[in-house]
Amino acid sequence: MIKIQIMNEHLANKIAAGEVVEKCASVVKELVENSIDAGSTSIKIELIEAGTKEIKVIDNGVGMHREDAILAFSRHATSKILDEDDLYAIQSLGFRGEALPSIAAVSDIILKTSTGDIGTLIYMRAGKIVSNEKTDSRVGTEVTVQNLFYNTPARLKHLRSLAYELANATDYVNKMALSYPNIKFSLSNNGKVLLNTDGSNNLLKVINEIYGLEVTKKMIEIKGSNDDYDISGYISYPEITKSNRHHMVIIVNGRVVRNVELNKIINDAYYTYKPNDRYPIIILNIDVDPSLVDVNIHPTKLDVKFSKMVSLKSLLLNVIKEQLEATTLIPSVTIKKEAVSYETMTFNLERNPSDEVDLAIYEQLTTYDNDNSIPSVKKEEKLPELYPVGLIHGTYIVCQNDLGMYLIDQHAANERINYEIYKNELSKTNHETIAMLIPLTIEMPSSDYIILKDKMAILQSLNFDVIDMGINTITIKAHPLWLPPGYEDTAIKKIIDIIIDKEDFNMEKFNEKVAITLSCKLAVKANESLSVKEMETIINRLRTCHNPYTCPHGRPTIIHYSKYELEKLFKRVM
Ligand code: ZN
Ligand code: ZN
């Protein structure tokens, strides 16, 4: 049976229009996707000089018959799409039948394949078959692409540095390994192994292979579903962040896709848990009826749109927030040598042999919450009891309990406490008010005054009693009760600044801004000495916070040195 058919010219051209084979990674991508479509459970990728000299992909898929193998390299051959409708309902990965001939046209190719019968061995040069022989019958396909772009110097010149080419190929294979934990992937460059997964369908193991044990220990499993969507995967502790979004991997029905909106939702779910310009590591699997997904085909990435985005958004937000809230997130100081991070790895092109992790540890990993959780913590209290010992650098409160030593950043902690108070107060629609003993008169530049006059209703809606005195002056006679006693004037001026500042006014954003600004402005500063009583107050109020781990800017409030780590540092234990 011949599986590969020639697709019609119109469709081929349509696909060819967006078709680009411009990087070594795009060749790797085409070959690997063909291997996946062939039902492989093991895919081996061997690069020489980042793929510029040679890219070899060996799989154990179904293999091709001789006729198919020859046809595979002719223009517009595809086994996957036969008419335009299929283009929009693609289930298989390698939907661009154009790719193999395009690659063949600019390289030397050796194709070895067998379905179990006598195998086929084809040599091609610049898209022409040079020889066609019989070979052994190992089931599967082995494609070797050599001297990529040798006959198109312009494109060859277009290739970036070897490091860049390799980083791209590695990034792609890593993402495929994350999408298909059931497939054994191995990737090497010049004989050096860069990735080696075991195909055991354990996503956490793949994460460990890519990111190392230290990160893997700080991944939280997520799972949830509603009428339209099933989601699952892993999210990182907020302390584990990256400088870009490359490590937010979204997999829809088994395929890595791009969706800017989902990235934003994930980022929102981490709001105030991490700095806004840092991004978590996320492996998110979304299962959905394909009819709810609109796939926009682009040669190098898959953009998707979801027709029930609201439903997906609320599911995702709830599941991530719930998991973050349910997890004890005090960063621990560990003296263990840091695992080589993925970023270092791709740019050094080096990788330490991954920590050997046996299954017992994996079981531990998946239930690590328990060995991190502290017996004395009640459900609603996220921090254990802490006893202040003293203050260092006028900034960090040193505390202790049976579990070890803790450092609390007094400013960050106070910010978090204030933030939760103001956030709560601002969310109320009915603010109790209090008359000022001495009305506060504020004079401002006329430019500010004009804007404020226009936005006076905002101040009034917050229950400020404002009188417009004319001549660039207003007087506040009463203010909402929640303003911090003793700092009313500062708070009022800050709020007015924010009102004047905001271009287009949005109540939610305004409240957020006020809460964060006031929380910082009115928090105890660094280099301010605190009495033990004041330290206790901060600690106890921090303990009742909804999220006591980070300040509203996403910086940590508390760090833990476990008793064990301290003993290790002093070599009392080895
Ligand atoms: Zn601050
Ligand atoms: Zn802060």
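This briefing describes the zinc site, the cysteines, the nonpolar cores and one buried loop residue of the structure above.

The model is predicted, so that local features need pLDDT of at least 70 and side-chain atom pairs count only at pLDDT 80 or more, while totals for chains, interfaces and linings use all residues. Residues are numbered from 1 along each chain as its sequence is written, chains are lettered from A and ligands numbered from 1 in the order in which they are written, and side-chain values use heavy atoms, with hydrogens and water left out.

**Zinc site**

- The zinc ion (ligand 2) has as its protein donors Glu415 (OE), Cys551 (SG) and His553 (ND1), at 2.0 to 2.4 Å; donors are N, O and S atoms within 2.8 Å of the metal (3.2 Å for Na, K and Ca), and since water is not among the atoms, sites may look incomplete.
- Along the sequence, the donor residues of the zinc ion (ligand 2) follow the spacing E-x135-C-x1-H.
- Glutamate 415 coordinates both the zinc ion (ligand 2) and the zinc ion (ligand 1), which are 4.1 Å apart.

**Burial and cysteines**

- Cysteine 551 counts as buried at 0% relative accessibility, whereas histidine 553, at 37%, counts as partly exposed; buried means under 20% relative accessible area, exposed over 50%, and partly exposed in between (1.4 Å probe, protein chains only).
- Cysteine 545 also counts as buried, with 5% relative accessibility.
- The count of disulfides comes to zero, a disulfide being a pair of cysteine sulfur atoms within 2.5 Å.

**Nonpolar cores**

- The largest nonpolar core has 111 residues, and those with the most contacts inside it are Ile45, Phe185, Ile286 and Phe306; such a core is a set of buried Ala, Val, Leu, Ile, Met, Phe, Trp, Tyr and Cys residues joined through side-chain atoms within 4.5 Å.
- This core draws at least three residues from each of domain 1 (9–196) and domain 2 (218–325), with bounds that come from an automatic or database domain assignment.
- A second, separate core of 32 residues includes Met436, Met456, Ile476 and Phe510.
- In soluble globular proteins, nonpolar side chains tend to be buried together.

**Asparagine 547**

- Asparagine 547 is buried, with a relative accessible area of 2%.
- Leaving aside neighbours within four places in sequence, asparagine 547 is in contact (heavy atoms within 4.5 Å) with Thr272, Tyr273, Arg416 and Glu420.
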